[in-house]
Every structure is written in structure tokens, then in C-alpha cells.
Amino acid sequence: MAVDINEDCNNCFACIGMCPTGALKIETAGDSRELSFNTSLCSGCGLCEGFCMNSAILIKRGFRGHNPFEFA
């Protein structure tokens with residue numbers, strides 16, 4: 001499972017409030033804040049993707065390549 005956040009994200013962070021597992025968090029780096037995603041906490045429910053008013057979040061399900069431990 002992976003989450004792609006595109007340039008349409010305006011850092012409203014409303015998706016964080018919708019995430020039931022806490023997989024999405026705010027990460028602060030200096031003066032800037034950005035969305036952080038923890039794959040191991042994500043249940044793949046899709047609430048963040050469906051709730052995003054800017055359609056800036058895309059959930060990618062599945063594995064990449066032949067190694068089941070290498071996530072897409």
C-alpha cells in the first residue's frame with residue numbers, strides 16, 4: 001500500500017482527521033509542514049482519498065515486482 005500526494009495538495013490536512021488508523025500525520029521540517037504517510041498503519045480504507053476536496057491523494061494498492069516485501 002502506498003499513498004501518492006500530488007501538487008494539488010494545499011496542506012489543509014483534513015485527510016488526517018479522516019484517517020482511522022493514524023497512518024497520515026503532519027511532519028514539520030523547519031518552517032514548512034507536509035503530509036507524512038506510514039505504510040504499516042494504513043488499512044487501505046480509502047477515506048483519505050475520498051475525502052480530499054482537491055483529489056490530491058491517490059492510494060496505490062498491491063506489490064511491485066516479484067518481491068512481496070517490496071511495496072508499490
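Which residue forms a salt bridge with Asp-4? In this predicted model, the partner turns out to be Lys-60, and the closest N and O atoms of the pair sit 2.8 Å apart. A search through the whole structure turns up 1 salt bridge. The pair ties together distant parts of the chain, since Lys-60 belongs to strand β4 (residues 57–60) and Asp-4 to strand β1 (residues 2–5). Along the chain, 56 residues separate the two.

What about the surroundings of these two side chains? Lys-60 has a relative accessible area of 36%, and for Asp-4 the value is 33%. Buried would call for under 20% and exposed for over 50%, so Lys-60 counts as partly exposed. Asp-4 gets the label partly exposed too, because its 33% also lies between those cut-offs.

Stepping back to the overall layout, the protein contains 2 helices and 4 strands. Read from the N terminus, these elements follow the order β-α-β-β-α-β. Strand β1, with Asp-4, and strand β4, with Lys-60, are the two that the salt bridge links.

The chain as a whole can be described in a similar way. The protein has 72 residues, and 24% of them count as buried. Among contacts with a separation of 6 or more, 46% come from residues 24 or more positions apart. As for the outside, the protein exposes about 4900 Å², and carbon and sulfur atoms supply 53% of that area.

Terms used. Residues are numbered from 1 along each chain as its sequence is written. This is a predicted model: local features need pLDDT of at least 70, side-chain atom pairs count only at pLDDT 80 or more; totals for chains, interfaces and linings use all residues. Side-chain values use heavy atoms; hydrogens and water are left out. A salt bridge is a side-chain nitrogen of Lys or Arg within 4 Å of a carboxyl oxygen of Asp or Glu. Buried means under 20% relative accessible area, exposed over 50%, partly exposed in between (1.4 Å probe, protein chains only). Contact means heavy atoms within 4.5 Å. Accessible areas come from the Shrake-Rupley method with a 1.4 Å probe; for residues, only the protein chains shown count as cover.
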